[in-house]
Amino acid sequence: MSSAPQAAGWWQATDGLWYAPELHPDRPRLPPPPPVGTHHRSGPIGVDRSPAAVLGLSIITFGIYYLVWYYKINDEIRRHDPEIKVSPILSVLAISVGAVLLFIPPLVSSYATAARIRQMQLDDGATDTISPVVALLLHMFLGIGFPLYVASQLREHWHGHRRASTAASAPALAHRTLPPL
């Protein structure tokens with residue numbers, strides 16, 4: 001504050017004093033920090049994939065799309081939340097080559113992928129999360145249920161991020177329409 005403007009952009013308040021542009025009451029404020037105990041991730045948001053499309057393309061391509069999809073979702077999780085450690089290539093090898101050699105690696109990989117999704121959801125403050133046990137049971141007893149369940153959970157998670165980023169940018173967009181001070 002000053003009795004005279006110090007530079008371009010300074011504004012005069014009703015008290016007759018001049019204030020820096022960042023102190024103007026109409027200036028948009030940064031969103032508040034996330035509550036203590038939550039870990040907001042600012043990594044890239046994953047691709048929106050329809051669960052039915054994942055299943056349909058997997059059937060049409062005789063499982064090749066399923067392997068591509070599985071790689072991509074694990075890679076998106078890794079990029080979105082660097083604290084979650086995952087090797088997308090090892091995940092794909094576990095469900096492909098591991099399925100040929102043994103029955104156990106695909107089950108471990110499907111459970112671990114669902115657990116990573118759950119961790120990502122929890123870290124972002126979600127209360128309704130995927131169940132790794134349900135994902136594992138779907139993988140074991142109803143194979144087509146696994147990609148439908150996982151894809152729908154990921155889709156909802158990414159939609160939540162898009163809704164939050166749209167809501168956070170709305171005040172800033174409204175401010176841009178105002179004439180400069």
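Here are four short exercises with worked solutions on this predicted model.

**Exercise 1. Two tyrosines in one helix**

Task: Find out how the rings of Y66 and Y70 are arranged, stacked or edge-to-face.

Solution:
- Begin with the overall count: the structure holds four aromatic pairs.
- For Y66 and Y70, the ring centres are 6.0 Å apart and the planes meet at 25°.
- Planes under 30 degrees apart count as stacked, so Y66 and Y70 make a stacked pair.
- Now place the two residues: both sit in helix α2, which covers residues 64-80. They are four residues apart, about one turn of the helix.

**Exercise 2. From Y70 to another helix**

Task: Decide whether Y66, Y70 and F146 are buried or exposed, then describe how Y70 pairs with F146.

Solution:
- The cut-off to use is that buried means under 20% relative accessible area.
- Y66 has a relative accessible area of 15%, so Y66 is buried.
- Y70 comes out at 0% relative accessibility and therefore counts as buried.
- Next, take the rings of Y70 and F146: their centres lie 6.5 Å apart, with the planes at 45°, so this pair is tilted.
- The pair links distant parts of the chain, since Y70 belongs to helix α2 and F146 to helix α6 (residues 145-176), 76 residues apart.
- F146 also has 0% relative accessibility, so F146 counts as buried.
- To finish, put the rings together: Y66, W69, Y70 and F146 form one aromatic cluster.

**Exercise 3. Where α4 meets α5**

Task: Work out how helices α4 and α5 cross and what kinds of residues make up their contact.

Solution:
- Locate the helices: α4 spans residues 104-123 and α5 spans residues 132-141.
- Their axes come within 8 Å and cross at roughly 145°. This crossing is right-handed.
- List the residues on each side. From α4 come P106, L107, S110, Y111, A114, A115 and R118. They meet P132, V133, A135, L136, H139 and M140 of α5.
- Sort the residues of this contact by type, and you get ten nonpolar, two polar and one charged.

**Exercise 4. The surroundings of S58**

Task: Say which helix holds S58 and which residues S58 touches, not counting those up to four places away in sequence.

Solution:
- S58 is part of helix α1, residues 51-60.
- Its relative accessibility is 9%, so S58 counts as buried.
- With residues up to four places away in sequence set aside, S58 touches G63, Y65 and Y66.
- One of these, Y66, is a member of the aromatic cluster with W69, Y70 and F146.

Terms used: Residues numbered from 1 in each chain as written. Predicted model: local features only at pLDDT ≥ 70, side-chain atom pairs only at ≥ 80, totals over all residues. Heavy atoms only, no water. Phe/Tyr/Trp six-rings, centres within 6.5 Å; stacked < 30°, edge-to-face > 60°. Buried < 20%, exposed > 50% of the residue type's maximum accessible area, 1.4 Å probe, protein only. Axes fitted to C-alpha atoms, helices over the stretch in contact; angles between N-to-C directions. Left-handed = near helix turned anticlockwise from the far one by under 90°. Contact = heavy atoms within 4.5 Å. Nonpolar A, V, L, I, M, F, W, Y, C, P; charged D, E, K, R; others polar.
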